[in-house]
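Here are a few exercises to work through with the model open in your viewer. Try each task before you read its solution.

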Amino acid sequence: MKEAAKVDAFQRALGPHLRAAWNLARWLVRDPADAEDVLQEACIRAFRHFDGFRGERARGWLLSIVRNACWSFLSRRGLPGETFDEERDSAAVVPLQLSPGPETELLRIDQARRIREEVEALRPEFREAFILRELEGLSYKEIAEVTAVPLGTVMSRLSRARRELQARLGDQGRKASVS
Amino acid sequence: MTCTETLPLLELELDGELDARSVLEVRDHLARCAACGRQMASLRALGEAARAHLVSFELPSGLERRLPGFSRSRRPRILWAAGALAAAAAVAIYAVPRRGDALLDEAVAAHARSLQLDHAIDVQSGDQHTVKPWFEGKVGFAVPVRDYAASGFQLAGGRLDYLDGRPAAALVYRRGKHLINLFVLDARGAGDAPARREDLRGFACWRWTSAGLRYLLVGDVSEPEMGALAREAAGQRP
């Protein structure tokens, strides 16, 4: 493939999925600077192997490369206890959905913080499955492809993630959505 | 359907992964069983809360331009992103004997990169009047672009590269199957210096300074052709 044509095709195929790639990297490696390094590494890999890419399921293809880059980063770093910087993360993020009404604002912020902390506390493989399913809306099959595990493993990881979250959040999850 | 049979299927129903027949059976059970109904409601609430309260990180502005393959100029940053490692490794392995050779080292690394990654050219043209204006606003100086086809070196195009931590113009020439890079960067006040040969790691390298610009010619073309090109480009008598 000629260079310019390759760059063109690369950007057309994967550009629409960069946000999802970034979101996954941020949720998996946490630190924005680390996430950027990981995403750069992933893009180098993606570009290098783009000739072998046949144009189908671009999102899954990119996400699987990003996720592998995340995991090799995490294993290089030896998976230490992850830290969560509330201020930094609050400043950098855009809530998916804001329910209006000042009277529920404090409650809402507290619930958002609790849910986020609990998802943070999940083991990375559970967190990964949960994020891909709930935030990115991937099907079981797509998650299986991205994370390179059998369908049954996806189901059990999702199930474990949900059970842990239910247990830790207690009734909070329900209140949060009903409020 | 019993509770034991239903419970494992609740999540699948929630995620839309259940086949049509099982969906009916699960819903039928949920209509009759309060305990399973509560579990389903809890699962559904968890998903809704996650989507409502978990953040989806937006791509920071400017990040896309820093990503290999996505730079706005259509030039994959893979060149120097991947190359930064190579350059760092090169600097680490090859101790720099003299001041100034770090630049040569970088130029050789950049040249090697342009060969390996097949990303030698941003603007592909044998026309100097196309290549020259392409660099405008990219390197901070006017890039003299000449064709040396008469001497057997065909202008193939240009590329934006980075040497010494700043943008440099890389003019790409072809001679048969060989690719030659002529790097041009601001001399930062250095006076004119005639072309001299300093081979590095098997590459033929020539460098000179002229009219406020520093030139580094790197390729794997043997002498005397490289020297002839260097002297011609440097405006010296052959």
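**Exercise 1: the fold of chain B**

Of the contacts in chain B with a separation of 6 or more, what percentage comes from residues 24 or more positions apart? Put the number next to the make-up of the chain.

*Solution.* Keep in mind that this is a predicted model.
- Step 1: In chain B, 52% of the contacts with a separation of 6 or more join residues 24 or more positions apart.
- Step 2: Count the elements, and you get eight helices and eight strands in chain B.
- Step 3: For burial, 38% of the 238 residues of chain B qualify.

**Exercise 2: how far to trust chain B**

Find out which element of chain B has the lowest mean pLDDT and which has the highest.

*Solution.*
- Step 1: Start with the average, which is a pLDDT of 81 for chain B, with 85% of the residues scoring at least 70.
- Step 2: Go element by element: helix α5(B) (residues 78-93) has the lowest mean, 49, while strand β8(B) (residues 213-219) has the highest, 94.
- Step 3: Check the weak stretches. Residues 72-80 of chain B have pLDDT below 50, and beyond near neighbours in sequence this stretch has 28 contacts in the model. Residues 90-99 of chain B are also below 50, with eight such contacts.
- Step 4: Note the scores of the model, ipTM 0.71 and pTM 0.51.

**Exercise 3: a peptide bond to check**

Look at the bond from Glu223(B) to Pro224(B): is it cis or trans?

*Solution.*
- Step 1: Omega is near 10°, and the bond is cis.
- Step 2: Place it in the chain: Pro224(B) sits in the loop between β8 and α8 (225-233) of chain B.

**Exercise 4: the buried side of a helix in chain A**

Which residues of helix α8(A) (residues 140-147) are buried, and what do they pack against?

*Solution.*
- Step 1: Get the setting. Chain A has 10 helices and one strand, and buried residues make up 36% of its 179 residues. Residues 24 or more positions apart supply 70% of its contacts with a separation of 6 or more.
- Step 2: In α8(A), the buried residues are Tyr140(A), Ile143(A), Val146(A) and Thr147(A).
- Step 3: Seen down the axis of α8(A), these buried residues fall within an arc of 125°, so they line one face of the helix. The spacing helps here: an α-helix has 3.6 residues a turn, so residues three or four places apart point the same way.
- Step 4: The partners of that buried set are α4, α7 and α9 (151-169) of chain A.
- Step 5: Take a look at one partner, α7(A) (residues 124-134), where eight of the 11 residues are buried. Among them are Phe126(A), Phe130(A), Ile131(A) and Leu132(A).

**Exercise 5: positive phi outside glycine**

Compare Arg30(A) and Ala148(A): what are their phi values, and is each buried, partly exposed or exposed?

*Solution.*
- Step 1: Arg30(A) is not a glycine, yet its phi is positive, about 75°. Its place is the loop between α2 (18-29) and α3 (32-48) of chain A.
- Step 2: Arg30(A) has 18 C-beta neighbours inside 10 Å, so it counts as partly exposed.
- Step 3: Ala148(A) has a positive phi near 55° and lies in the loop between α8 and α9 of chain A.
- Step 4: Ala148(A) counts as exposed because it has 11 C-beta neighbours inside 10 Å.
- Step 5: Finish with a distance: the C-alpha atoms of Ala148(A) and Asn68(A) are separated by 9.5 Å, at 80 residues apart along the chain. Asn68(A) lies in helix α4(A) (residues 58-76).

How values were computed:
Residues numbered from 1 in each chain as written. Chains lettered and ligands numbered in written order. Predicted model: local features only at pLDDT ≥ 70, side-chain atom pairs only at ≥ 80, totals over all residues. Buried ≥ 20, exposed ≤ 12 C-beta atoms within 10 Å, placed from the backbone. Helix = DSSP H or I, 4+ residues; strand = E, 2+ residues; numbered from the N terminus. Contact = placed C-beta atoms within 7 Å. pLDDT = per-residue confidence, 0-100. Arc of directions from axis to C-beta.
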